[in-house]
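Biologist: I'd like to talk through the empty spaces in this protein. Could you take me through them, starting with what the terms mean?

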Amino acid sequence: AGAAGLVGMEMGKNSAPDGYTLIAGSPSATTIAANLRKKLPYDPLNDFEYISMYAELPSLLVVNPSLPVKTLPELLDYLRNAKGDVFMASAGPGSQSHLAGAMLQQMGRFPSVHVPYKGGGPQVLAVMSGEAQWTITPAASVLGHTRSGKLRAIAESLPQRTPLLPDVPAVAETVPGYSYSAWNGLLAPKGTPPAILAKIRAALAKAVTNPQVREGFARQGAEPVTNTPEEFRSMVHAEMQSTAALVKAIDLKIDR
């Protein structure tokens, strides 16, 4: 933990490559950090051994229940025709919620004023209180609020519908090509022997088929998923490039 995962990534990079230290990678410490940090203390693509993804975490587009919309087409129509400002909350500049919302605005071609908050908690509370009208944020952080009626779920961010949210349509059904979700995957220090990496990957692939593991993932709004080291690295590389294009398009600069 620390600095959106950067502390752990750096510690992992500098650990002995003996199989006893693994790193739980995420977009914030890899694809996003590579595009927003001036001096990243590691190279996300070349300083680690890639093992496999183990989870994909969709985000939920939620609105304040007082907003007169129940579907994404209705929300887009509302945003395009609103008289006055409509506010999109995020967990801060350059956060996953900010980038997910910015991508939706670009692809959906509608205006909204970005309001960055200091973290996911204040971001969600802002929409619940009506201070902001909508946000797109990891599903796990808002599922309880949507079930209690404090927030209204409009769409989810995977490229297709997910069994995790069977009654929630994908954003891509209205905005073709939209996809912006978080993920988790296992990395190891550079130089970890291939035989050890293969053993860990096999254990991971077996673990995510366990019904109890899958149920635990579902409670956290996560879908278990595995891939090969090559597929994992290629996915991160492609996401780094798409994030770079988005950061440039919205002229986002964070000097840290």
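Modeller: Gladly. A cavity is a set of grid points where a 1.4 Å probe fits but cannot get out, and a lining residue has an atom within 4 Å of such a point. Keep in mind that this is a predicted model.

Biologist: What makes Ser59 and Tyr180 lining residues of the largest cavity?

Modeller: Each has an atom within 4 Å of a cavity point, so both belong to the lining. The full set is Ser59, Gln96, Ser97, Ala100, Ile136, Thr137, Pro138, Tyr180, Ser181 and Ala182. Two elements, α4 (96-108) and β6 (134-138), each give two or more residues to that lining.

Biologist: How many cavities of 30 Å³ or more does a search of the whole structure find?

Modeller: The search finds one. The largest cavity has a volume of about 40 Å³, and its lining has five nonpolar, five polar and no charged residues.

Biologist: Why is the space of about 310 Å³ called a pocket?

Modeller: A pocket is an open set of points with protein on both sides within 12 Å along at least five of seven lines; the space of about 310 Å³ meets that rule, so it is called a pocket. Of its 17 lining residues, Glu56, Ser181, Trp183, Met235 and Glu239 are the closest to the centre.

Biologist: Which element gives the most to the lining of the largest pocket?

Modeller: That is α9, with six residues. β2 (48-57) also supplies at least two. By class, the pocket lining has ten nonpolar, five polar and two charged residues.

Definitions and conventions: Residues numbered from 1 in each chain as written. Predicted model: local features only at pLDDT ≥ 70, side-chain atom pairs only at ≥ 80, totals over all residues. Heavy atoms only, no water. 1 Å grid on protein atoms, 1.4 Å probe; cavity = no way out; pocket = protein on both sides within 12 Å on 5 of 7 lines; lining within 4 Å. Points joined across faces, edges and corners; volume = space filled by probe spheres on them. Helix = DSSP H or I, 4+ residues; strand = E, 2+ residues; numbered from the N terminus. Nonpolar A, V, L, I, M, F, W, Y, C, P; charged D, E, K, R; others polar.
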